[in-house]
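Open the structure in your viewer and keep the selection tool ready. The tour goes stop by stop, with something to select at each one.

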Amino acid sequence: VLGGIAFGVGYVVDASTQVLGIALSVAFAGLTIGFAAWVALLPEGPFVEEREQMTSSAADRAALADDLGQADGGIVSAPLPRRMLTLALTVLGLAALLPVRSLLGTGLKPGRSQRETNWAVDVPVVKEDGTFIRPDELELGAAVTVFPQDRKRGDDEAVLLLRVDPAHLQLPAQRADWTVNGIIGYSKICTHAGCPVGLYAQGAGELLCPCHQSVFDIYRGAEPRYGPAARPLPQLPLGTDDQGRLVARGPLSGPPGPGWWRRS
Ligand code: FES
């Protein structure tokens, strides 16, 4: 009962998926324990039935009906488990109705929150530990995950920096100056369903998403080459500041991650 109530409250206040999962786990664990406890109330065997006579006598049937109705351990007369089961299933049933709100279009909407990140003009590029990064730190073939100096959306703002041979790059003309010494930056969040695109096939010049095997061409603006992703990984325009540290020269070329929200 408490698990079902917690699920309902959690859904209404937009608690995380983990909290909703824990609430459902508690609810079903409670049901499991309840059923186990109910089993303990059943009469214990062993029971032996004579097979010659397949139909019970009227007297036996009357005795059984009496037995089931007894207050001291009879099945029918054990009211607490039955009432608790009814209550638990009722609460769970009501909690299961709440997600209907999502179908009515009245729930919270993401607005522009999915579109905006902290990547902007002159925002320093930092490593996971918050330290700045200089172009000469990355050797040919290197790949490192970086973030804007002040993160707004946490891991959603992760960018993968790759150092490639500039002669291989075939970027769109307007992105010709978005790289520094062959260092190129792409959003690390897959445009299919949001997994981290963490596999770098250096020889083939491809980034691979391990979730559903989307493949992105790092030389051609991370255009998808294979798999379910239909949109390229957004690219980060890169430059250096007056101290030679890598900085962003503007926002990502598009919203990071999957695009199931309204983009216009
Ligand atoms: S999340 Fe990357 S291919 Fe599905």
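Which residue in E2 does Val125 stand opposite? Select Val125 and look across to E2: the residue there is Pro148. Keep in mind that this is a predicted model.

**Stop 1: strand E1 and its partners**

Select residues 121-127, which make up strand E1. Then add residues 143-148, strand E2; E1 and E2 pair in the antiparallel sense, over three bridges. Next add residues 246-249, strand E11, which also pairs with E1 in the antiparallel sense, here over two bridges. In this second pairing, Pro124 stands opposite Val247. Strands of a sheet pair through backbone hydrogen bonds, so show the backbone here rather than the side chains alone.

**Stop 2: the open sheet**

Now move to another sheet. It is open and has four strands in the order E5-E6-E7-E8, with antiparallel pairing. Strand E5 (199-201) and E8 are at the edges; each has a single partner strand, so one side of each has no neighbour in the sheet. From one strand to the next, the twist averages 35 degrees.

Select residues 215-217 (E7) and 223-226 (E8), which pair over three bridges. Val215 stands opposite Tyr226, and the bridge partner of Phe216 is Pro224. Five residues lie between the two strands of this hairpin, and in the hairpin Gly221 takes a positive phi near 70 degrees.

**Stop 3: the nonpolar cores**

Phe216 leads to the next stop. Phe216 is one of the residues with the most contacts inside the largest nonpolar core, which has 18 residues. Leu162, Tyr186, Val197, Leu207, Ile218 and Leu233 are also in that group. Strand E3 (159-163) and strand E4 (183-187) are the elements that give two or more residues to this core. Apart from it lies another core, of 16 residues, and Trp119, Val123, Val125 and Leu246 are among them.

Go back to the largest core and select Leu233. What is Leu233 in contact with, leaving aside its neighbours within four places in sequence? The contacts include Tyr186, Val197, Leu207 and Phe216, and also Gly221 of the hairpin.

**Stop 4: salt bridges**

Side chains of opposite charge can pair when their charged atoms come close. The count for this model is six salt bridges. Select Asp217. Its side chain meets that of Arg220 in a salt bridge at 2.8 Å, N to O, and that of Arg225 in another at 3.0 Å.

Is Asp217 buried or exposed? Asp217 is buried, because its relative accessible area is 3% and the cut-off for buried is under 20%. Its two partners are partly exposed: Arg220 has a relative accessible area of 37%, and Arg225 has 43%. Add Glu206 to the selection to see the network of salt bridges that links Glu206, Asp217, Arg220 and Arg225.

**Stop 5: Asp241, Arg245 and Gln243**

Select Asp241 and Arg245, which form a salt bridge with the closest N and O atoms 3.2 Å apart. Asp241 is partly exposed at 22%, whereas Arg245 is buried at 18%.

Finally, select Gln243, in the loop between strand E10 (238-240) and E11. Gln243 counts as partly exposed, at 47% relative accessibility. For a last distance, add Gly21: Gln243 and Gly21 are 222 residues apart in sequence and 48 Å apart in space, C-alpha to C-alpha.

Terms used
Residues are numbered from 1 along each chain as its sequence is written. This is a predicted model: local features need pLDDT of at least 70, side-chain atom pairs count only at pLDDT 80 or more; totals for chains, interfaces and linings use all residues. Side-chain values use heavy atoms; hydrogens and water are left out. Two strands pair if DSSP finds at least two bridges between them. A nonpolar core is a set of buried Ala, Val, Leu, Ile, Met, Phe, Trp, Tyr and Cys residues joined through side-chain atoms within 4.5 Å. Buried means under 20% relative accessible area, exposed over 50%, partly exposed in between (1.4 Å probe, protein chains only). Contact means heavy atoms within 4.5 Å. Axes are lines fitted to C-alpha atoms, for helices over the stretch in contact, and angles run from 0 to 180 degrees between N-to-C directions. A salt bridge is a side-chain nitrogen of Lys or Arg within 4 Å of a carboxyl oxygen of Asp or Glu.
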